[in-house]
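Trainee: I would like to go through this structure with you, one question at a time.
Mentor: Go ahead, and keep the model in view while we talk.

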Amino acid sequence: MAEHVLALLSRPSREAPGDPGAPVYRFVDPDAAHLTVLDLGVTRGDGIFETLSVNHGRAQALEHHLSRFARSAAMLELPAPDADAWRETILAVVASLDPAREAFVKTVLTRGIEYGDRPTGWAYGAYSPSFESARTEGLAVVLLDRGYRHDVERTSPWLLAGAKTLSYAINRAAVREAVRRGADDVVFVSSDGIVLEGPTSTVVYRRGDALLSPGTGLGILDGTTQANVFRWAESLGMSTAFELTTPDLLRSADAAWLVSSVRLAAPIRAIDGEPLPVDAAFTARMNGWLAALDD
Ligand code: PLP
């Protein structure tokens, strides 16, 4: 089986021109070049993406990822992704990966070639690196100011906060700043002091029998893993809720995690150098459940 696979969509959106009779996707050599230097995804980061976990041959939270993909497209005023075409392509990529290995599929939709009339879309699948140490030993995080108020999504929608755009250079820069400060990852805080999300993850924390998260509407992503973790907690009889979270609330949690597709739940073991308790057994159960998910 190939180490990685790439499928190009012939018509990623029904709103864009294209041959309706063409096959939905075609597999191409992932080591060969397929984009032009004029693609706006490359020259301006003008596009969107999703990354899905694939465990035992199943794409996880597929419908949630597809609806978030559509929402991001709408926020960027991109042509709406054709959900059926994307679903079919993602499932074909998943089917060509070894089900015994943890993998991921990344879907990308760009505005296409500058002055062109159609978006570019592809789905790339590969095997995941090991996240064992993040899942078991946990992460030291630093709180970093994102520079926007927590209501940015409502006041300034053109900033695209809450869309999963290709412009992740800032998210990568934040992680480099964390490493410079001797930490592993970041929790962004709004300029008015509200806990937001990690650069590639959602914040979840436990207080007593409640599992909590900052929730949507704060210019952050609607996390598919957080939704599943809440589903799991509810199946255990725990309560779940969204709440406006301050750094002090997070620091006083019984335990906290950064949760995301692929890495799954990574406990936060320190915030700005202050230790936070890690519940290893609870985390292992959470990750066991996430890894075994069928949908
Ligand atoms: N927030 C951001 C900024 C992300 O990039 C991600 C995932 O990459 C998440 C949250 C977590 O989302 P999910 O659980 O759907 O992977």
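**The ligand shell and beyond**

Mentor: The model is predicted. The residues of the shell around the ligand divide into three nonpolar, nine polar and one charged.

Trainee: Which residues come nearest to the ligand?
Mentor: There are 13 residues around the ligand. Those that come nearest are Leu-221, Gly-223, Thr-224, Thr-225 and Ser-261.

Trainee: Which elements give two or more residues to that shell?
Mentor: One is a helix, covering residues 224-235, and the other is a strand, covering 255-260. By name, they are H7 and S12.

Trainee: What is the order of the strands in the open sheet of six?
Mentor: Take the pairs one at a time. S1 (residues 4-9) pairs with S2 (residues 25-28) over four bridges, and S1 also pairs with S6 (residues 120-127) over five bridges. S6 pairs with S5 (residues 103-110) over eight bridges, and S5 pairs with S3 (residues 47-55) over eight bridges. The pairing is antiparallel, and the order is S2-S1-S6-S5-S3-S4.

Trainee: Which strands stand at the edges of this sheet?
Mentor: An edge strand here has a single partner strand, so one side of it is left without a neighbour in the sheet. The strands in that position are S2 and S4.

Trainee: Which residue of S6 is the bridge partner of Val-5?
Mentor: S6 pairs with S1 in the antiparallel sense, and also with S5 in the antiparallel sense. On the S5 side, Val-105 stands opposite Gly-125. On the S1 side, His-4 has Ala-126 as its bridge partner, and the partner of Val-5 is Gly-125.

Trainee: What stands opposite Ser-53 in S5?
Mentor: S3 and S5 pair in the antiparallel sense over eight bridges. Opposite Ser-53 stands Phe-104.

Trainee: Is Ala-61 buried or exposed?
Mentor: Ala-61 lies in the loop between strand S4 (58-59) and helix H2 (62-75). Its phi is positive, about 55°, although Ala-61 is not a glycine. The cut-off for a buried residue is 20 or more other C-beta atoms within 10 Å. Ala-61 has 21 C-beta neighbours inside 10 Å, so it counts as buried.

Trainee: And Glu-77, buried or exposed?
Mentor: Glu-77 is placed in the loop between H2 and helix H3 (83-95). Phi of Glu-77 is also positive, near 55°, in a residue other than glycine. A residue is exposed if 12 or fewer other C-beta atoms lie within 10 Å of its own. Glu-77 has 7 C-beta neighbours inside 10 Å, so it counts as exposed.

Trainee: How far does helix H9 reach from its first C-alpha to its last?
Mentor: H9 covers residues 280-292, which is 13 residues. At 1.5 Å a residue, the expected span is 18 Å, and the helix comes close to that with a reach of 18 Å.

Trainee: Why are the buried residues of H9 on the same side?
Mentor: The buried residues of H9 are Met-286, Asn-287 and Leu-290. They are put on the same side of H9 because the arc they cover around the axis is only 95°.

Trainee: Which residues are exposed on the other side of H9?
Mentor: The buried residues of H9 include Met-286, and the other side is where to look for the exposed ones. There, the exposed residues are Ala-281, Gly-288 and Ala-292.

Trainee: What do the buried residues of H9 pack against?
Mentor: One of the partners is H7, the helix that also gives two or more residues to the shell around the ligand. The full set is helix H4 (132-136), H7 and strand S13 (264-271).

Note on methods. Residues numbered from 1 in each chain as written. Predicted model: local features only at pLDDT ≥ 70, side-chain atom pairs only at ≥ 80, totals over all residues. Near = placed C-beta within 6 Å. Nonpolar A, V, L, I, M, F, W, Y, C, P; charged D, E, K, R; others polar. Expected span 1.5 Å × (residues − 1). Arc of directions from axis to C-beta. Contact = placed C-beta atoms within 7 Å. Pairing = 2+ DSSP bridges.
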